[in-house]
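Grab a coffee and work through these short exercises with the model open beside you. Try each task before you read its solution.

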Amino acid sequence: MARRLPAPLLPACLLAGLLALPGCMSGGTTAMPTAEPQGAPGTPQAAPAPAGSVHQPAQIPALESPAPASAPAPVPAPGTAAKLRPYWEDLRQRLARDGVSGPRVDALLATLGERTQSPMGRKMKQLYTSKFLPKPKPSEVPTYYKGVLTDANAQKCRDYLAANRSAFDRAQAAYGVPCEIAVSLLFVETRLGTVLGDVKENAFQTLASMAESRRFEDIPEWTARMPGCEAQRAWFDETMPKRADWAYNETRALVKYMLKSGLAPDRFPGSIYGAIGLCQFMPSNIETYGADGSDDGVIDLFDIRDATMSLSRYLARHGWKPGISRAQQHKCLMAYNHAAIYANTILALSDMVKGEPSPEKPAAKPAAKAAPARAKQPGQAGKPGQPGKPGKPKAGKAKLI
Ligand SMILES: [Ca+2]
């Protein structure tokens, strides 16, 4: 998300889209080894401060018991949904060619409202600006997301951990990802589940709209904001179909997931690029990396038990294991969201959750005859083990679009 939105405390998903990307829904994502046409979920978005940001103390629900959102909302029954809007017929036929069809699929498609230009428009504007417009004077790249590394946020994480202890302990036992890392990742991604949707559309609507925005003419509201874009039509003609195909694959994965889980579209608030859940997975990652932490046979990423187990599984599948070095931890987190600032922030916040001071606070001056300060170890808070290359943060693989 190479854009610079005053994004004080936006969750990673938003930040990914805004900062560098290719990545929240942030890159988010969430992890995702789905082949994605390069880009980033970065998106310039005049985003309002999300509710639940660190500036707006959000209620931290205890989630040991199934959250209300976990109550299965069934996929619409065939014949009961509204009629399919004509412009979704192309998507319907494409899904059918891929073996995804039938009354239940039609019922899902009938829930789609008007196609929105925003997902593709936002992405193309980001890419266009980066590629064709004068680059702003380089500014210092921050090491950490602004506003995240505060004592208050560390305390929120500790409270959340305490309220959901068994979920985190179970995931740590299964995959070796420390509770402090898991909770810090959830904080950066969705402010512990308090900021789950960056846009009013649900993830299905967002991804389907992007999948059906293949032509320059499909995003007039956005091309109007791109000076000189008419001269680059060839680039749009080449780039948009690739992005649309990526979105189609995610749409298909989400449809298959909804059919399998029985969860309805309105159960999936999503990021600007369709990442879902407390841990912000792109739909295509659910089948590969999702894990059922509540033993109900359904992977519901809005359930803390499933989200924690899934994010831990993702990290483990990308190299996380007990005892790995700080630099290796950083590398694993970069696989979740390919932005150094993302990994730096999670590692530093996890240190704070364990009681270390914020690396952003000026160190107190030692008294004249104070005992020698403990030698700082590589990778300690304040000095990430592997800061990553300076430069604009890149979008996360998981949310990378
Ligand atoms: Ca479950």
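**Exercise 1. The overall picture**

What percentage of the 401 residues of the chain count as buried? Work out the make-up of the fold as well.

Solution. Keep in mind that this is a predicted model. Start with burial: 54% of the 401 residues count as buried. Next, go through the secondary structure, which comes to 14 helices and 0 strands. Reading along the sequence, you just meet α after α.

**Exercise 2. One residue in α10**

Is Ala244 buried or exposed? Find its surroundings too.

Solution. First place the residue: Ala244 sits in helix α10, which covers residues 233–261. Then count neighbours. The cut-off for buried is 20 or more other C-beta atoms within 10 Å. Ala244 has 23 of them within 10 Å, so it is buried. Now look for partners beyond four places in sequence: Ala244 is in contact with Met120, Met210, Ala211, Ser213 and Arg214. Finally, check Glu212, which is 32 residues away along the chain; its C-alpha atom is 6.6 Å from that of Ala244.

**Exercise 3. How α4 meets α10**

Describe how these two helices pack.

Solution. Take the geometry first. Helix α4 (residues 118–132) packs against α10 at an angle of about 130 degrees, and the axes are 11 Å apart. Angles over 115 and up to 145 degrees fall in the oblique class, so α4 and α10 are oblique to each other. The crossing is right-handed. Next, list who takes part: α4 supplies Met120, Lys123, Met124 and Leu127, while α10 brings Phe236, Thr239, Met240, Arg243 and Ala244. Sorted by class, that gives 6 nonpolar, 1 polar and 2 charged residues.

**Exercise 4. The largest nonpolar core**

Which residues touch the most other members of the largest nonpolar core?

Solution. The core holds 92 residues, and Ala182, Val183, Leu186, Ile346 and Leu349 touch the most other members. Then ask who contributes: α10 gives the largest share, 11 residues. Now zoom in on Ile346. Beyond four places in sequence, Ile346 is in contact with Ile181, Ser184, Leu185, Val188 and Leu333.

**Exercise 5. How α13 meets α14**

Repeat the helix-pair analysis here.

Solution. The axes of α13 (residues 326–336) and α14 (residues 340–353) come within 9 Å and cross at roughly 125 degrees. That angle makes α13 oblique to α14. Handedness comes next: the crossing is right-handed. On the α13 side you find Arg326, Gln329, His330, Leu333 and Met334, meeting Ala340, Tyr342, Ala343, Ile346 and Leu347 of α14. By class, the contact has 7 nonpolar, 2 polar and 1 charged residues.

Key: Residues numbered from 1 in each chain as written. Predicted model: local features only at pLDDT ≥ 70, side-chain atom pairs only at ≥ 80, totals over all residues. Helix = DSSP H or I, 4+ residues; strand = E, 2+ residues; numbered from the N terminus. Buried ≥ 20, exposed ≤ 12 C-beta atoms within 10 Å, placed from the backbone. Contact = placed C-beta atoms within 7 Å. Axes fitted to C-alpha atoms, helices over the stretch in contact; angles between N-to-C directions. Parallel < 35°, antiparallel > 145°, perpendicular 65-115°, else oblique. Left-handed = near helix turned anticlockwise from the far one by under 90°. Nonpolar A, V, L, I, M, F, W, Y, C, P; charged D, E, K, R; others polar. Core = buried A, V, L, I, M, F, W, Y, C linked by C-beta atoms within 7 Å.
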